[in-house]
Amino acid sequence: MGASSFPRKFVLAAAFVGLAARLAFGLVYWQHERMNRDEVEYLSLARSLVAGHGYKYDEHVEKGPVEPFGRAPGYPVFLALTGGGRAESAQAVPTSVKIAQSAGGAFGVIVIAIAAFRMAGRRPAMAAAAMAALFPPLIWIAGFAYSESVFWPIGLALGLLVSHMLEQHGPERSDPKRMGRWAFLSGLATGAAVMFRAATSPFVGLLTLWLIWKRQWATLAMVWVGLLIVLTPWTIRNYYHYDGRLVVIASDGGVTFWTGNNPLATGEGDMAANPHLKYANLELKARHPGLTEEQLEPVYYRESLDWIRSHPLDWLVLMAKKAFYLVVPIGPSYRLHSTRYYIASVLSLLVLVPLACMGLVRLGSRRARLTGMWLLALAAIATCLVFFPQERFRIPVIDPALILLASGFWYAGPRGDAEAAAAVAA
């Protein structure tokens, strides 16, 4: 079979269903709900961008009770472009943002189908599209002003692009100009993804190590050229903004690292899910009066690293807890929401994870066709273990990766090989 065997009509229908489900949740069910800190700060930055004040928080946040974090710039720009910069966004996530994010989710359904088709053929493509369209966490994330709502399609597209670069064969690989173009484009895309969501940074390290292991030095150089073109201007801006301190993307990494690595850490969830950490954070701030949230970033890192060095066994136990909660969805970040939300999250994963395990076995070595996607998933897992796992950290990369593996349960054997080979050739 040729590339024409891609199930276009089914995938487009699944994308339409996914769009309808996301719009129904965001515009009908999830209305007039209180926003959390991340949503408030993202929308504040969007309002400042629209007002022409640059990348800074507006009065709604600056005069609020909590000092804001430094954040990656990509998602506030998206919000500003989709209507999130209006004054009324201080009270609720604008309808236009929910619509745009729902459309992004529908696009993600199409991208994950393409990835599954490339990996194993027609039937996995249909299965992946159906699962992505109806998977509850990927539906309701579109109703929140979270970067994860837009990043999961971006992550899939990045995984496909990098996979295409890494898996060039024959004449394509022997053509340095062609490889250089794909590597440069992959570097630009990786930089853009990091600018959108700083938690993507570990992917840069894994991709670098992979190319070193494969001894693809020219490819590695071009990836880094593209990456630096995107990141350098923002890093220079941060250097002056933070008074000579090197902050590549955002200054919220320190508090996130401390939240997941201190004597009171539970192994899952942020401060909202673990109120006792809020009090410990207030005590830490009281020991360093006069420092802003951004100035405290190196303090957070120092406190955590000192504890890890002093209590290595306790830290290893904590890491085991993180690994457990990464797989078993019963941590406090899940129970933070309503009972219906919690049950839907747990049940969806109870179905998806066993399917992913069976799909992994059935696919065998065919999953190697998406090397970039698996490196991205591994980076997401590493992020959860270094910092802490929670549902929002899992959704944008790990859940799509699980859906891709689960789609392998419908792998059609040699016929699927032919279809996937046609997709790679196309």
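The questions and answers below concern helix packing, nonpolar cores and single residues in a predicted model.

Residues are numbered from 1 along each chain as its sequence is written, and side-chain values use heavy atoms, with hydrogens and water left out. Because the model is predicted, local features need pLDDT of at least 70 and side-chain atom pairs count only at pLDDT 80 or more, whereas totals for chains, interfaces and linings use all residues.

Q: How many residues does the largest nonpolar core have, and which helix gives the most to this core?
A: A nonpolar core is a set of buried Ala, Val, Leu, Ile, Met, Phe, Trp, Tyr and Cys residues joined through side-chain atoms within 4.5 Å, where buried means under 20% relative accessible area, exposed over 50% and partly exposed in between, with a 1.4 Å probe and protein chains only. Helices here are DSSP runs of H or I with at least four residues, numbered from the N terminus. The largest nonpolar core has 92 residues, and the helix that gives the most to this core, with eleven residues, is helix 5 (residues 95–120).

Q: Which residues does Leu207 touch, when those up to four places away in sequence are not counted?
A: Leu207 belongs to the residues with the most contacts inside the largest nonpolar core, together with Ile403 and Leu404. With contact taken as heavy atoms within 4.5 Å, the residues that Leu207 touches are Val162, Met165, Leu166, Val223 and Leu375.

Q: How many residues are in another core that lies apart from the largest one?
A: This other core includes Leu45, Tyr55, Leu227 and Trp234 among its residues. Its size is 13 residues.

Q: Is Thr190 buried or exposed?
A: Thr190 is found in helix 10 (residues 176–196). Leaving aside neighbours within four places in sequence, Thr190 is in contact with Leu158, Val162, Phe203, Val204 and Leu227. Its relative accessibility is 2%, and Thr190 therefore counts as buried.

Q: How many residues of helix 21 are buried?
A: Helix 21 spans residues 398–407 and is mostly covered. Its buried residues include Asp399, Pro400 and Ser407, as well as Ile403 and Leu404. The count of buried residues in helix 21 is ten of its ten.

Q: How are helix 18 and helix 21 oriented to each other?
A: Two packed helices are described by the angle between their axes and the distance between the axes. Axes are lines fitted to C-alpha atoms, for helices over the stretch in contact, and angles run from 0 to 180 degrees between N-to-C directions; angles under 35 degrees count as roughly parallel, over 145 as roughly antiparallel, 65 to 115 as roughly perpendicular and the rest as oblique. The axes of helix 18 (residues 339–363) and helix 21 come within 6 Å and cross at roughly 55 degrees. Helix 18 and helix 21 are therefore oblique.

Q: Which residues of helix 21 meet helix 18?
A: The crossing of these helices is left-handed, a term used if the near helix is turned anticlockwise from the far one by less than a right angle, with right-handed used if clockwise. Helix 18 brings residues including Leu349, Leu352, Gly359 and Leu363 to the contact. From helix 21, the residues are Asp399, Leu402, Ile403, Leu405 and Ala406.

Q: How many nonpolar residues are in the contact of helix 16 with helix 19?
A: Helix 16 (residues 312–327) and helix 19 (residues 371–386) pack at an angle of about 135 degrees, with their axes 9 Å apart, and helix 16 passes helix 19 in a right-handed crossing. Met319, Lys322, Ala323 and Leu326 in helix 16 meet Ile381, Cys384, Leu385 and Val386 in helix 19. Ala, Val, Leu, Ile, Met, Phe, Trp, Tyr, Cys and Pro count as nonpolar, Asp, Glu, Lys and Arg as charged, and the others, Gly among them, as polar. The contact holds no polar residues and one charged residue, and its nonpolar residues number seven.

Q: How are helix 14 and helix 15 oriented to each other?
A: The axes of helix 14 (residues 275–286) and helix 15 (residues 297–310) come within 12 Å and cross at roughly 115 degrees. Helix 14 and helix 15 are therefore roughly perpendicular.

Q: Which residues are in contact with Ala280, leaving aside neighbours within four places in sequence?
A: Ala280 lies in helix 14 and, at 14% relative accessibility, counts as buried. Its contacts are Trp258 and Leu264.

Methods: Helix = DSSP H or I, 4+ residues; strand = E, 2+ residues; numbered from the N terminus.
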